[in-house]
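Colleague: I would like a close look at a single part of this model. Please take one helix and go through it from start to end.

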Amino acid sequence: MRRPINLWFAVQGLGSSKLRSALTVLGIIIGVGAVIMIVSLGNGLRRSTKEQMEVFGRGTIEVRPAVNYGGSMPMMAEVAVSDGGKYVERQMGSEPDFAPQEPQIDPKDVEALRLFGTSLNGISPELEINSATTVYRGKQVPVWQVLGVQDEWLHVYRREVHSGRFVNDDDEANAAPVAVIDQILVKQFFGEGTNPIGQTLHITINGTSTHNFTIIGVLASDKDYSRTSSTILVPLRTAQARLHTGARNDISMIGIRVDSRDPEERKFAVAQANTLLRARHGLGQGAQEDFQINDSLEYSEEMTRITDIMTLVLSLIAGISLVVGSIGLMNIMLVGVSERTWEVGLRRAIGARQGDILSQFLGEAVLLSLVGGLIGMGLGMAGSYVVGMLVTELQGYVKVSADIVAIALTVSTVVGVASGIYPAWRAARLQPTQALRHLA
């Protein structure tokens with residue numbers, strides 16, 4: 001019967017100073033609520049970022065020409081002192097020139113990857129035209145770029161055709177002036193429910209030459225994949241022959257599909273593509289590559305690491321409020337012990353042991369922290385839900401998992417025990433005769 005009585009005394013003690021108890025609990029509520037919100041929102045942001053990064057690149061591996069490859073590098077000017085004591089500037093020569101090389105990827109690279117890339121599940125050569133202006137019936141179409149592709153593009157980027165058809169081998173062979181657009185672009189420009197198949201677009205390059213393109217297909221809308229929402233797709237050979245001002249066989253990039261999401265298998269695929277292209281370009285051991293290979297999933301992993309670090313830092317900051325709350329709880333408990341010394345003496349006089357006094361005041365601290373933890377947990381869950389609904393990027397990603405709830409309750413209990421153990425120990429050590437003097 002001693003333990004229920006001790007708990008009853010703990011509840012009575014808290015009830016005797018309701019306002020002070022409420023203010024004490026407030027620090028725990030804020031701390032626990034902030035930690036739950038930050039961890040839940042951080043996890044939601046991590047899931048959202050990872051999924052969006054994976055969707056944006058469709059898990060593809062991109063091969064592009066290297067930046068700043070070849071050429072000479074001028075050295076900085078040097079200041080010397082002449083015999084007359086005057087400072088004069090002397091320009092040092094450039095480093096010895098090495099044969100300038102124009103980094104590029106060409107159709108032979110594509111063929112090498114297709115023939116020998118055993119771990120590569122699809123190859124899509126592409127030519128990006130960024131200086132195009134598109135007009136339909138005298139009105140400019142909001143197009144980001146024109147992209148020259150082949151029929152395998154659909155397979156590599158996991159897209160589907162909503163209506164019409166995609167570019168095929170005949171279009172490629174004849175450099176046909178045909179185009180495929182995204183369903184989102186159809187809604188934005190042509191209007192809801194409009195069928196643009198057969199309509200003619202006027203594409204102007206650098207404000208000079210204009211070409212007429214017939215729309216032959218519409219890609220199915222994909223809200224998670226915005227890369228082509230404002231892009232016009234044309235046959236690769238068409239882009240090279242009609243729209244591109246450079247060499248007829250130029251390729252801006254190669255998209256490679258790798259179905260595996262295993263990091264080691266993807267690293268092997270990247271290494272295999274790198275080995276094939278180095279051999280194709282005749283690069284010896286130690287020679288600098290004139291191309292660069294990027295795995296879109298690596299960006300996802302890097303963004304996930306950054307998000308995790310941000311969440312950890314913000315959680316530590318929020319945890320400071322828990323520390324402050326625990327200090328406040330300890331302070332209030334010490335004040336309570338001082339004010340209720342007579343109560344301790346009276347209980348000891350009628351037979352209460354030191355363990356009873358210890359459990360009473362420790363129970364008060366734990367009750368305060370648990371109440372604060374439960375309220376904070378509720379507010380944190382509600383806050384996470386509200387923010388997750390208001391922020392578009394987080395909708396459907398914010399979830400308060402069971403482990404977060406368990407951590408919140410555990411932290412609340414630990415805070416209560418840690419904050420109340422010293423005041424409770426101090427109260428239990430009071431001598432009955434000394435404590436009863438405060439009764440008078």
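Modeller: What follows is an account of helix α6, and then of the second largest pocket. The model is a predicted one.

Helix α6 covers residues 183-190. At its start, the backbone nitrogen of Ile184 has a side-chain oxygen of Asp182 within 2.8 Å. Along the helix, the buried residues are Gln183, Leu185, Val186, Phe189 and Phe190. Viewed down the axis of α6, these buried residues fall within an arc of 150°, so they line one face of the helix. As general background, an α-helix has 3.6 residues a turn, so residues three or four places apart point the same way. The partners of the buried residues of α6 are strands: they pack against β5 (132-136), β6 (139-141), β8 (161-164), β9 (178-182), β10 (200-205) and β11 (209-219). Just after the helix, Gly191 has a positive phi of about 105°.

Now the pocket. The second largest pocket has a volume of about 180 Å³ and a lining of 13 residues. Nearest its centre lie Pro107, Glu172, Leu236, Arg237 and Gln240. Helices α3 (107-116) and α7 (236-243) each give at least two residues to this lining. By type, the lining residues are six nonpolar, two polar and five charged.

Gln240 belongs to helix α7. Its relative accessible area is 7%, and this is under 20%, so Gln240 counts as buried. Apart from neighbours within four places in sequence, Gln240 is in contact with Leu127, Arg248, Asn249, Asp250 and Ile251.

Conventions. Residues numbered from 1 in each chain as written. Predicted model: local features only at pLDDT ≥ 70, side-chain atom pairs only at ≥ 80, totals over all residues. Heavy atoms only, no water. 1 Å grid on protein atoms, 1.4 Å probe; cavity = no way out; pocket = protein on both sides within 12 Å on 5 of 7 lines; lining within 4 Å. Points joined across faces, edges and corners; volume = space filled by probe spheres on them. Helix = DSSP H or I, 4+ residues; strand = E, 2+ residues; numbered from the N terminus. Nonpolar A, V, L, I, M, F, W, Y, C, P; charged D, E, K, R; others polar. Buried < 20%, exposed > 50% of the residue type's maximum accessible area, 1.4 Å probe, protein only. Contact = heavy atoms within 4.5 Å. Arc of directions from axis to C-beta. Polar contact = N/O pair within 3.5 Å; in protein donor to acceptor, adjacent residues only side chain to side chain.
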